[in-house]
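Have your viewer ready and keep the selection box handy. We will go from stop to stop, and at each one you will hear what to select and what is there.

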Amino acid sequence: MSMNRRQFLKIAGVSTVLGIGGGTVITGLRKTGLEASQVSPDPRALKAKRWGFVVDVSKLKSDEDYQKCIDACHGIHNVPDIGNPKDEVKWIWKDTYERTFPTTSEDELMNKELKEKKFFLFCNHCAQPACVRVCPTKATFKRQDGVVMQDMHRCIGCRFCMAACPFGARSFNYRDPRPFIKKENMQFPTRMIGVVEKCTMCYERLAIGQQPACAEASNGAILFGDLDDPNSAVRKVIASKFTIRRKPELGTQPSIYYVIGGADHA
Amino acid sequence: MKNAGTIVIVVVVGFVAFFGFPFYYNIGKANEAPKLKFDTPAILEWEKVNGKKECVEPKEFMRGEHMQLLNQWRDSVVRNGDRVYVNSQGRSFTMSFQNTCMNCHSNKKDFCDKCHNYLGVKPYCWGCHIAPKEKQS
């Protein structure tokens, strides 16, 4: 069949209009029945402009004090205990001063107690999160209240975020985590093989007016509050004590402040 | 070839007869549609209090559009932090697959799986969301 220029343009034009308009016609005709419904936040939800933490390790005396917080978090979030460091999945953990603040100037004369002290580490929920910038699917994103959230439905397991995070806060599920969960919390999902997970600042607890589980179990060693509010408990501590953050020179603006110089001596 | 036409006809008829076999073999033998159970303790309790069995939206809507509703709930909760759903009758529900949906439909094997298996769809909800503990009935 031969076609002149004029006929071709006519057909092309009509098909373009159909192609652009066609989708709308179909969606418009479909009855969704959801017009009358609406969504809203839970009235109990805690609200802030920028959530953050103050960790005062001087209030953590024994290994049990640490373990209580770790168990509280990992227990309710179905974090598996795989038992080998290669496949390890962790949301909150502890490490030495040197490994917590690797870029602070090393000093052999430093207070021995502080040097050997263990620090709590978890997602910094940075104000400028590197992980969010690199995520190709927006599976990890910054919420209005400062939580760096992880949407497991969207995670494709590319691990860009793990490479981007300067704090090692992210774990990859190299294996199916289900068999390694000692006691499942039926109120919270698990993860599946091939996704990245991390601390989500207990968004599910904030939504019903509860503090993050680690803060609640820490006996005051982990303070939680709004960094944007000068009258919040966290801001008062930051204003009155010497605090440091992890790798501040990278400019990610971490939201965890560590109180240095234990209350015993200060 | 003199009988080329005959050969073509035989081949076409043979082809249709062979590959059409599953269709005419099964004519009039439609599989029984899955029968879902709505007799979990939570649903019976709801019926006692509210006088009837009802879901967050009308049955017909849920049957056809529950996937869209679940996607909407997911995005609303995970992306926007909005967790309360007010339905077309003005009643509110907490949007939670594991805690709201599966609280009533605690019989996954007699509810979700019945239709999904019948239709051969494999939703990946259960890769992460924990299914209720139940016995196969």
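Which residues are buried in α5(B)? Select α5 (97–104) of chain B and colour B:Cys101, B:Met102 and B:Cys104, which are the buried ones. A residue counts as buried if 20 or more other C-beta atoms lie within 10 Å of its own, as exposed if 12 or fewer do, and as partly exposed in between, with C-beta atoms placed from the backbone. Helices here are DSSP runs of H or I with at least four residues, strands are runs of E with at least two, and both are numbered from the N terminus.

A word on what you are looking at: this is a predicted model, in which local features need pLDDT of at least 70 and side-chain atom pairs count only at pLDDT 80 or more, while totals for chains, interfaces and linings use all residues. Residues are numbered from 1 along each chain as its sequence is written, and chains are lettered from A and ligands numbered from 1 in the order in which they are written.

**Stop 1: around α5(B)**

Add α3 of chain B to the selection, since what covers the buried residues of α5(B) includes this helix. Helix α3 spans residues 41–50 of chain B; of its 10 residues the number buried is 1, so the helix lies largely in the open. Step just past the end of α3(B) and you reach B:Gly51, which takes a positive phi of about 85°.

**Stop 2: where the chains meet**

Now show both chains. The contact takes 22 residues from chain B and 21 residues from chain A, where two residues are in contact if their C-beta atoms, placed from the backbone, lie within 7 Å. On the chain B side, α4 (59–80), β1 and α5 each supply at least two residues. The largest share there, 7 residues, comes from α4(B). By type, that side of chain B divides into 7 nonpolar, 9 polar and 6 charged residues; Ala, Val, Leu, Ile, Met, Phe, Trp, Tyr, Cys and Pro count as nonpolar, Asp, Glu, Lys and Arg as charged, and the others, Gly among them, as polar.

**Stop 3: a sheet shared by two chains**

Select β1 (38–40) of chain A and β2 (92–94) of chain B, the edge strands of an open sheet, each pairing on one side only. The sheet has 3 strands in the order β1(A)-β1(B)-β2(B), with antiparallel pairing. Two strands pair if DSSP finds at least two bridges between them. Across the chain boundary, 3 bridges join β1(A) to β1(B), residues 84–86. Label A:Val39 and you will find B:Tyr85 opposite; A:Ser40 has B:Val84 as its bridge partner.

**Stop 4: the core of chain A**

Next, pick out A:Phe53, A:Val55, A:Ile92, A:Phe120, A:Phe122 and A:Ile222, the residues with the most contacts inside the largest nonpolar core, which has 50 residues. Such a core is a set of buried Ala, Val, Leu, Ile, Met, Phe, Trp, Tyr and Cys residues joined through C-beta atoms within 7 Å. Among the elements that each supply at least two residues of this core are β2 (51–56), β9 (222–226) and β11 (256–259) of chain A. A second, separate core of 7 residues includes B:Val56, B:Leu69, B:Tyr85 and B:Met95.

Centre the view on A:Val55. Not counting residues up to four places away in sequence, A:Val55 touches A:Phe120, A:Ala221, A:Ile222, A:Ile256, A:Tyr258 and A:Val259. A:Val55 stands opposite A:Ile222 in β9(A) and opposite A:Tyr258 in β11(A).

Follow the two pairings outward. β2(A) and β9(A) run antiparallel over 5 bridges, whereas 4 bridges join β2(A) to β11(A) in the parallel sense. In β9(A), 5 of the 5 residues are buried, so the strand is largely enclosed by the rest of the structure. β11(A) is covered on both faces, with A:Ile256 and A:Tyr258 buried on one side and A:Tyr257 and A:Val259 on the other. β10 of chain A (243–244) joins β11(A) through 2 antiparallel bridges, and A:Thr243 stands opposite A:Val259.

**Last stop: A:Gly220**

Finish in the loop between α8 and β9 of chain A, where A:Gly220 lies. A:Gly220 is exposed, with 10 other C-beta atoms within 10 Å. Select A:Lys59 too: its C-alpha atom and that of A:Gly220 are separated by 7.3 Å, though the two are 161 residues apart along the chain.
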